[in-house]
Amino acid sequence: MSYYIHADKFFLDNTTENGGYLEITDDGKFGTYTSAKPTGKIVDYSGCYVSPGLVDTHIHGLLGHDVMDNDWNKIQEMSEGLLQAGVTSWLPTTLTASADQLDAVCKTIGDNYQDAKGAKIQGIYFEGPFFTIEHKGSQNPKYFGDPNVETFKRWQKSAKGLIKKIAIAPERDGAVAFTKAISQMGVSVALGHSDATFEQARASVEAGATVFTHTFNGMSGLSHHAPGMVGAAMSMHNVIDELICDGHHVEPAAARILIEDKRPDHVALITDCMRAGLIYVLGEFPVYVADGMARLKDGDSLAGSVLQLKQAVQNVVNWNVSTPEQAVQMASKTAAISSKIGNQCGSILPDRDADFLIWSHDMDLKETYLDGKSRYQA
C-alpha cells in the first residue's frame, strides 16, 4: 500500500523543500513530492528532515569483519549493520593482496551481492594493488605492481562486472595507458597511495581518471614549487575528491579549504572504515584502535578509520563547513557519481528505490528506510 512522508524538510535531488509530502509507492519506490496535503496514509515526521540514504563508496570493514575475509556471511552482516550508519548503498572495498586472493573476493561478492539483506551492494572498489611504497599506508607493498589491463579483466569477469572503481598510483609504469583503457570500460579510475608529481597526476586525469582517493592522506603534499597530488586534487576541474571527515585523518580547517574550493558536487565523504575495535588485523598487519583512530601497531600510522558515514555528515555540519543539505549531498549523490552508480542510488527521484533517512534538526540519525520499509530506528 502506498503512503506519504511528511517532514519539516526534504533534501530532494535539485532542491530542498520545506514541509510537504513525499509519496512512497506500494512497490517501494519514490513517487512524487507535493506541497499540498494528499489523501491516503501519511507518516508524520514533523520536526525532522528527510534525505536520500547515504552511499559509502570506500569501506573495508565493520562489526569485526573485513571484505578481505572473503566470507559472504560476514559481508551480509556488514550490509545489515550499515543501516545503523545511515548507509543504504555501498561498495565493499578491497585491500592490496595477491591477484588470486582478490579474484576469490570478486567471485564471492559477484556470486552473492544480489542477496544482500541490508545496505545494497552497488559495486566493488579495488583499493590497490597498483600503488607505490612511499605512501603505502596499511597497504602491503609485497603485492604492489604496475597496472595490468588483462589482470583487471580477470577480476572483473569473476566479479560479474561489479568492479566500479579502482585506485592506482599515477607514477607506476603504464598508468596512463591503464587509465585510458579502464575508464573506457565505464569504471572509475581513482588516484591514491602515491608520491606522484603534479604532472604525473595530471597525465592520468587527462587520460580519464576522475577520483582522488582519501584526499590529503597517502599522497604527495602541496607546496608552492611542487603542487603534488594534493595540488592536483584541488586544482583539477572535473574530478571528485574523497574526504575522510573524522577529525583525525584531516583537520576540520583542511576539510573546509577543500570543500570551499571544490564545492559539494566535487567532494565525496567516505569512511575508509576497517573492522575496528580493540586489536584486529587489517590485511596482514596488526592494528589497534584508540581515541577514535585505527593505527598500525608497527609504525603507528593511520590504518583506515572507525568512522560511520552518518558521523561524517554530522561532523562537517558541526564544524560549520557545510549546510545539512550539502553534507548529505557529499555522502550520497556525489559519492554515487564518483563510482558511476549515480543512476542507481544517492538521490530522491521518482521511480528510484525508496531508500531514505530521517534526521533530527541536529543531524542525528533517527531512522533508516530501505525500499520504503523502516529497517532501523535509533
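Me: Let's begin with one residue. Where does Pro141 lie?

Reply: Happy to help! This is a predicted model, and in it Pro141 sits in the loop between strand E11 (124-130) and helix H3 (149-158).

Me: Is Pro141 buried, partly exposed or exposed?

Reply: Residues count as buried under 20% relative accessible area and as exposed over 50%. Pro141 has a relative accessible area of 27%, so it is partly exposed. You can also look at distance in space: Pro141 and Pro129 are 12 residues apart in sequence, and 8.3 Å separates them from C-alpha to C-alpha.

Me: Now Asn315. Which helix holds it, and what is it in contact with?

Reply: Asn315 belongs to helix H8 (residues 309-318). Its relative accessibility is 19%, so Asn315 counts as buried. Setting aside neighbours within four places in sequence, Asn315 is in contact with Cys245, Asp246 and Leu307.

Me: How many residues of helix H6 are buried?

Reply: Seven of the eight residues in helix H6 (residues 228-235) are buried, which means that the helix is largely enclosed by the rest of the structure. The buried ones are Gly228, Met229, Val230, Gly231, Ala232, Ala233 and Met234. They pack against two helices, H5 (198-207) and H7 (252-262), and against strands E13 (188-191), E14 (211-212) and E15 (240-244).

Me: Which residues touch the most other members in the largest nonpolar core?

Reply: That core has 82 residues, and those touching the most other members are Trp90, Ile166, Phe212, Leu269, Val313 and Trp359. A second, separate core has 16 residues, including Ile5, Ala7, Ala354 and Ile358. Try selecting Trp359 in the viewer: beyond four places in sequence, residues touched by Trp359 include Cys48, Tyr49, Leu54, Val328 and Leu365.

Me: How do I find empty space, and what lines the largest cavity?

Reply: Rolling a probe the size of a water molecule over the atoms shows where empty space is left. This structure holds one cavity of 30 Å³ or more, and the largest cavity has a volume of about 60 Å³. Among the residues lining the largest cavity are Phe30, Pro52, Thr88, Gln344, Arg352 and Asp355. The full lining divides into three nonpolar, six polar and three charged residues.

Me: Last one: where does pLDDT stay under 50?

Reply: pLDDT is the predictor's confidence in each residue, from 0 to 100. The protein chain averages 92, and 92% of the residues score at least 70. Over residues 277-284, pLDDT stays under 50, and the model has 23 contacts beyond four places in sequence for that stretch.

Note on methods
Residues numbered from 1 in each chain as written. Predicted model: local features only at pLDDT ≥ 70, side-chain atom pairs only at ≥ 80, totals over all residues. Heavy atoms only, no water. 1 Å grid on protein atoms, 1.4 Å probe; cavity = no way out; pocket = protein on both sides within 12 Å on 5 of 7 lines; lining within 4 Å. Points joined across faces, edges and corners; volume = space filled by probe spheres on them. Nonpolar A, V, L, I, M, F, W, Y, C, P; charged D, E, K, R; others polar. Core = buried A, V, L, I, M, F, W, Y, C linked by side-chain atoms within 4.5 Å. Buried < 20%, exposed > 50% of the residue type's maximum accessible area, 1.4 Å probe, protein only. Contact = heavy atoms within 4.5 Å. Helix = DSSP H or I, 4+ residues; strand = E, 2+ residues; numbered from the N terminus.
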